[in-house]
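Biologist: Please walk me through how to read a model like this one, feature by feature, with the criteria spelled out as we go.

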Amino acid sequence: MIDSAIIEAVGGRGGDGAVSFLREKFMPNGGPDGGDGGRGGDVVLVADHRTATLDRFADGRARVATAGGNGGPNQRRGASGHMLELLVPIGTTVWAIDSDETGTPLADLSTDGERYTIARGGRGGWGNRRFATPTRQAPKWAQSGSEGDHVTLRLELKLLADVGLVGLPNAGKSTLLKAWSRATPKIASYPFTTLEPQLGVVALGYDSFVAADIPGLIEGASEGVGLGIEFLRHIERTKVLVHLLDMSREDPLEDLELINGELEAFGHGLAEKPQILGLNKVDDPDARARVELLEADIKRLGVPWVAMSGVSGEGTRQMAEIALHTLRQIQSEEKYVAAQVLPVLTPAPARRSRFEAVRGEDGVVDVSGATPSWLARTLDLHEREPREEFFTRLRRMGVHRGVARLGVKPGERIRVGGVEIAWET
Ligand SMILES: Nc1nc2c(ncn2[C@@H]2O[C@H](COP(=O)(O)OP(=O)(O)O)[C@@H](O)[C@H]2O)c(=O)[nH]1
Ligand SMILES: [Mg+2]
């Protein structure tokens, strides 16, 4: 069962730099004091153990982080845009969408709290103060903020079961799973065979978990049928078992022992997982009577239990709530332990991108690279001073040498980051 979603994300725009001059009494023409614009917010995916599905991205809405504030007078810096954190289930993979539809994997969020930035916010523009030089003491211009990244990605999640349903054949596992996930029609569209766990997303308010009806476990294992690796992944991932007992049968406690014996024999840690007993089929008067008869014995087991009926719905919500609560408790304990043992890994700083200059098919020289493109888009190249600033910075980066090597003459039109400009040396 694979869940997937297309997500469009836009980093916040950077704030514009300010044009401002110091104003003091008796000093009508003070120096430039325009502050820088703030950075736009990033859009970040965060793996979260409380999130079970990618359903929340089904709306197709673009996720946009907030813009940075504009700079102000008195060297005031614009506020940074807020980061937008999007919670995704653990196990979510992120894919670039290529033209050939195969896609490229970008990230695999496999541990709780792991983060991946999908769209970076734009840089804030510099205020006019930064552009002052001994020969240009009062620049009346500043840099504008740059746009944030705009990306469309695919998220994929292989749903794995958190809660397993066990019990004898006919105990009511399939019926309960259907009752639980009735509101999630998705389940119906997934084909299954007896040896593949049937999955259902059980939603409770804003929280949810994935439950698996694992009918093949006992039946298949005892018949020596090999269980696939996928099946084992579900079993191992399962943190809580809901053990259903058909209370209309003669001796449900014997059934309980039988299944527990099989869980033990099966291995893979199944027998050690906490169980919640579902005393099922209490819509049947005989079953109800047997619950009352065995209540004292059941209490003595020291295991949480719920009298319920997958058919009438009695107790099913309570069962889901207990399962969810138990699950979250175990996960938060695991998280605590994991946080103590995991080393903190600091990602290597991103390589500073330089530039590339090539003569295109149309004969026009193209300069690409993050910094030249950014400068071309945020400085007003129609104005002389910002344009001079632009070429000065390119020269410092070595762009002029690269462009000269291609035989570009002053005045020739070239493209920098998609912006056309007459080359100046
Ligand atoms: N009376 C009653 N019958 C139930 C209940 N749950 C399941 N059944 C019946 O028990 C039989 C087996 O149910 P199923 O969910 O397929 O059991 P599974 O083999 O554990 O998946 C079916 O005939 C169901 O209609 C229940 O709560 N009350
Ligand atoms: Mg079944």
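**Reading contacts, burial and cavities**

Modeller: Let us start with a polar contact, illustrated by a polar atom of the side chain of Thr92 that lies 2.6 Å from the backbone oxygen of Pro89. A polar contact is a pair of N or O atoms within 3.5 Å; within protein, one must be able to donate a hydrogen and the other to accept it, and residues adjacent in sequence count only if both atoms are side-chain atoms. The model is predicted, and local features need pLDDT of at least 70, side-chain atom pairs count only at pLDDT 80 or more, while totals for chains, interfaces and linings use all residues. Residues are numbered from 1 along each chain as its sequence is written, chains are lettered from A and ligands numbered from 1 in the order in which they are written, and side-chain values use heavy atoms, with hydrogens and water left out.

Biologist: Where is the place of Thr92, and why is Thr92 classed as buried or exposed?

Modeller: Helices (H or I, at least four residues) and strands (E, at least two) are DSSP runs, numbered from the N terminus, and Thr92 belongs to strand β5, residues 92-96. Burial is read from relative accessible area: buried means under 20%, exposed over 50%, and partly exposed in between, with a 1.4 Å probe and protein chains only. Thr92 is buried because its relative accessible area is 0%.

Biologist: How should I read the surroundings of a ligand, and which residues are the closest to ligand 1?

Modeller: A residue is near a molecule if one of its heavy atoms lies within 4 Å of it. Ligand 1 is surrounded by 14 residues, of which Asn170, Lys173, Ser174, Thr175 and Asp283 are the closest. Helix α1 (residues 173-180) supplies the largest share of this shell, 3 residues. For the make-up by class, Ala, Val, Leu, Ile, Met, Phe, Trp, Tyr, Cys and Pro count as nonpolar, Asp, Glu, Lys and Arg as charged, and the others, Gly among them, as polar; the shell then has 4 nonpolar, 7 polar and 3 charged residues.

Biologist: Which oxygen and nitrogen atoms of ligand 1 take part in polar contacts?

Modeller: One oxygen atom of ligand 1 lies 2.8 Å from a polar side-chain atom of Ser174, and a nitrogen atom of the ligand lies 2.7 Å from a polar side-chain atom of Asp283. With Gly310 the partner is a polar backbone atom, 3.0 Å from an oxygen atom of ligand 1. On its own, ligand 1 has 570 Å² of accessible area, and the protein covers 69% of that area; accessible areas come from the Shrake-Rupley method with a 1.4 Å probe, and for residues only the protein chains shown count as cover.

Biologist: How many cavities are there, and what is the volume of the largest cavity?

Modeller: On a 1 Å grid over the protein atoms alone, a cavity is a set of points where a 1.4 Å probe fits but cannot get out, and its lining residues have an atom within 4 Å of a point. Grid points are joined across faces, edges and corners, and a volume is the space filled by probe spheres set on the points. The count comes to 2 cavities of 30 Å³ or more, and the largest has a volume of about 50 Å³. Its lining includes Gly167, Pro169, His243, Asp246, Arg249 and Ile259. Two or more lining residues come from each of β12 (240-246) and α4 (252-266), and β12 gives the most, 4 residues. By class, that lining has 7 nonpolar, 2 polar and 3 charged residues.

Biologist: Which value of phi does His268 have, and where is the place of His268?

Modeller: Phi of His268 is near 55°, a positive value in a residue other than glycine, and His268 sits in the loop between α4 and β13 (275-280). His268 is partly exposed, because its relative accessible area is 38%. Its C-alpha atom is 8.1 Å in space from that of Leu232, although the two residues are 36 apart in sequence. Leu232 is part of helix α3, residues 229-237. Lys281 likewise has a positive phi, near 75°, and lies in the loop between β13 and α5 (285-300).

Technical notes:
On a 1 Å grid over the protein atoms alone, a cavity is a set of points where a 1.4 Å probe fits but cannot get out, and a pocket is an open set with protein on both sides within 12 Å along at least five of seven lines; lining residues have an atom within 4 Å of a point.
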